[in-house]
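Trainee: Could you take me closely through one part of this structure, the strands and how they pair with one another? I would like to follow the pairing from strand to strand.

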Amino acid sequence: MTYGEERVAAIRLALREAELDALVCTLPENVLLLSGYWPVVGTSVALATAEGRVSILAPADERDLAMDGWATTVRDYTPGSLTQLIEPAKAAQGPLAALLDLAGIRTAKIGHESGSAYEPSTYAAMHLFGDAIAGLLRAAGPDATLTPAPHILARLRSILM
């Protein structure tokens, strides 16, 4: 069993024990935990399901980096440009809804990050979704049941593999 397979097995077990269908994360350390990919500027979203599917929504210029992890699906989006100012959460809404549909969890019970966090600096500047992740999930999956899941993430980070 590879490292990625072991990690996905631990995520599946944690989600089942918490009676969650999926977990969505945006903090780079949690995106890494779920997918094996470390986002550069912090505008990526990782989604892991209780069935073992791992999906990444990454900025277009980070797609190749995201493909190096163990995600089963990698989609890209444009969180902004030199000609268009848009909030990353707004830009991610449609692409995230498509990933939720693809994973079959748009109406599922989804855990997400909440609360305060420390994040190592990865670049000269980076974006953190923070509490905006709940609003993004409500917009992308309006029929889903959302649950803060910091306890699941803390447990998964404590498992050394």
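What follows is a walk through the strands and their partners.

Mentor: Please keep in mind that this is a predicted model. A convenient place to begin is strand β1, residues 22-25, which is covered on both faces, with A22 and V24 buried on one side and L23 and C25 buried on the other. This strand has two pairings to consider: β1 runs parallel to strand β5, residues 109-112, with 3 bridges joining them, and within that pairing V24 has H112 as its bridge partner in β5. β1 is also joined to β2 by 4 bridges, here in the antiparallel sense, and in this case A22, one of the buried residues of β1, stands opposite T49 of β2.

From β2, which spans residues 45-49, we can pass to β3, since these two strands also pair in the antiparallel sense, again over 4 bridges, with A48 standing opposite V54 of β3. β2 and β3 form a hairpin with 4 residues between the strands, and in this hairpin G52 adopts a positive phi near 95°.

Strand β3 itself, residues 54-59, is mostly covered, and 6 of its 6 residues are buried; V54, which faces A48 across the pairing with β2, therefore falls under the 20% relative accessible area that defines a buried residue. β3 pairs in addition with strand β4, residues 73-77, this time in the parallel sense and over 5 bridges, and there S55 stands opposite T73 of β4.

How values were computed:
Residues numbered from 1 in each chain as written. Predicted model: local features only at pLDDT ≥ 70, side-chain atom pairs only at ≥ 80, totals over all residues. Heavy atoms only, no water. Buried < 20%, exposed > 50% of the residue type's maximum accessible area, 1.4 Å probe, protein only. Pairing = 2+ DSSP bridges.
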